[in-house]
Amino acid sequence: MSTTIGRNEKCPCGSGKKYKKCCYKGAVVQLEQLLDMELKELQADIIRYTWSHYENEIEDYLQEHDDNFPVPDEAKSVFEFCALTWFATSLAKNGKTVMDEYLDSHSKTISRPKVKEMAAAWRNSYPSVFKVKKLDNGKFLTIEDIFTKETIQVKLLEQNYLPEQGDLIIATVLLSEPAVFFGTFFNIPANLGNEVEKEILALYEETGNRNPKTFMKDSFLITLDRFMFPEPVTLMDGWEWPTEKHREVADAYQEYINGIDSSKTLANLGLTLWIQYTQKANPAIRNPQIYTAALIYLALSNSPMSAAVSQKQLAEAFGISAGSISSKYRDMKKTLHAELQEIEGTITLA
């Protein structure tokens, strides 16, 4: 006897409604949940297969990268997982990726036709960097590839964590219908994403590569590194200074500091102190050189990572007296007493 229920038949639950208007919806939801679960299990098996068969090769890639760009211990697990999805989908041996190899040998074990159909479409997938354009019903993300500007809708197999519009994502999107992420994604918020996007696109241009897929295949680990650990940007880029002389001090400070420190950490420290000082003291600046030299001395005095520079050396560099630097330095130090104590406490705790 057939147990199939027609959509227009009465629902067997006894409600008197048509099946399509009653329990059919719940059955569809249950089937969707079952499908998502099987897709997640299949992905997990592909990941296990990749690691068990290619652990040494993956670790060689990771070690080579870590030798040049050390990954913090607290970020290693995320970094290694993203690297594993890249390895499975992008690196080929004898013309086959690990994804191809797995599907060739395991596709017969996939019983559900929809899962088999989707898995077959996962070949030729590769990682990229995307910007979130829209989130639909907490289940689908519309994302835009930053290299090609093409958009794609991705179904979220997990809705525990949802990115927001404008966020930047690095992930492998498996190109099935619907498309899904391979495992998971790593995202950063929109307010940081713009600078990271510029940095990654600059790296893309530097390589001279005009094929995003080839670029991500060859440069994925360094791209992932730039994504997760971007170079700090200058905090006061685009800041509206009260007067042109205030801006002149900031620009001269950056120019001097960039000559002795390339990390921008010290630049950010001094510029933060400068904006705090201008907001508190609202100085009427006659000679910007004095303020610049005093700011340099103040920042260097509160940064244990930097080399010491004397007030005499700064006076010679800026063509002013050491006494004028000393006077303005004392004024800045007094005005920013609370801020400097906070910096000192942070350094001590570190």
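1. Helices here are DSSP runs of H or I with at least four residues, numbered from the N terminus. By that definition, leucine 34 is placed in helix H1, residues 23-68. The model under review is a predicted one.

2. As to overall composition, the protein contains 12 helices and eight strands. Of its 350 residues, 43% count as buried. The accessible surface is about 19,600 Å², and carbon and sulfur atoms contribute 50% of that area. Among contacts with a separation of 6 or more, 61% join residues 24 or more positions apart.

3. The surface of helix H1 deserves a remark. Leu31, Leu34 and Met37 make a nonpolar surface patch of about 240 Å². Leucine 34 has a relative accessible area of 31% and is therefore partly exposed, since that class lies between 20% and 50%. As a general point, an α-helix has 3.6 residues a turn, so residues three or four places apart point the same way.

4. Helix H9 covers residues 288-301, and its geometry is consistent: at 1.5 Å a residue, its 14 residues should span 20 Å, and the end C-alpha atoms are indeed 20 Å apart. At the N-terminal end of H9, asparagine 287 acts as a cap, with a side-chain oxygen 3.0 Å from the backbone nitrogen of glutamine 289.

5. How much of H9 is covered? The helix is mostly covered, with 11 of its 14 residues buried. Those buried residues include Pro288, Tyr291, Leu295, Ile296 and Leu298.

6. Leucine 298 also links H9 to lysine 333, a residue of helix H11, residues 322-335. The two residues are 35 apart along the chain, and their C-alpha atoms are separated by 7.3 Å. Beyond its neighbours within four places in sequence, lysine 333 is in contact with Leu298 and Leu340. With a relative accessible area of 45%, lysine 333 is partly exposed, whereas Leu298 is buried.

7. Is aspartate 225 buried or exposed? Its relative accessibility is 8%, so aspartate 225 counts as buried, the cut-off being under 20%. This residue lies in helix H6, residues 212-228. Setting aside neighbours within four places in sequence, aspartate 225 is in contact with His65, Phe69, Val71, Phe79 and Pro230. Histidine 65 is 160 residues from aspartate 225 in sequence, yet their C-alpha atoms are 9.2 Å apart.

Note on methods. Residues are numbered from 1 along each chain as its sequence is written. This is a predicted model: local features need pLDDT of at least 70, side-chain atom pairs count only at pLDDT 80 or more; totals for chains, interfaces and linings use all residues. Side-chain values use heavy atoms; hydrogens and water are left out. Helices (H or I, at least four residues) and strands (E, at least two) are DSSP runs, numbered from the N terminus. Buried means under 20% relative accessible area, exposed over 50%, partly exposed in between (1.4 Å probe, protein chains only). Contact means heavy atoms within 4.5 Å. Accessible areas come from the Shrake-Rupley method with a 1.4 Å probe; for residues, only the protein chains shown count as cover. The expected span of a helix is 1.5 Å times one less than its number of residues. A polar contact is a pair of N or O atoms within 3.5 Å; within protein, one must be able to donate a hydrogen and the other to accept it, and residues adjacent in sequence count only if both atoms are side-chain atoms. Patches are made of residues with over 30% relative accessible area and no salt bridge: like charges are joined within 9 Å, nonpolar side chains (Val, Leu, Ile, Met, Phe, Trp, Tyr) within 5 Å. A salt bridge is a side-chain nitrogen of Lys or Arg within 4 Å of a carboxyl oxygen of Asp or Glu.
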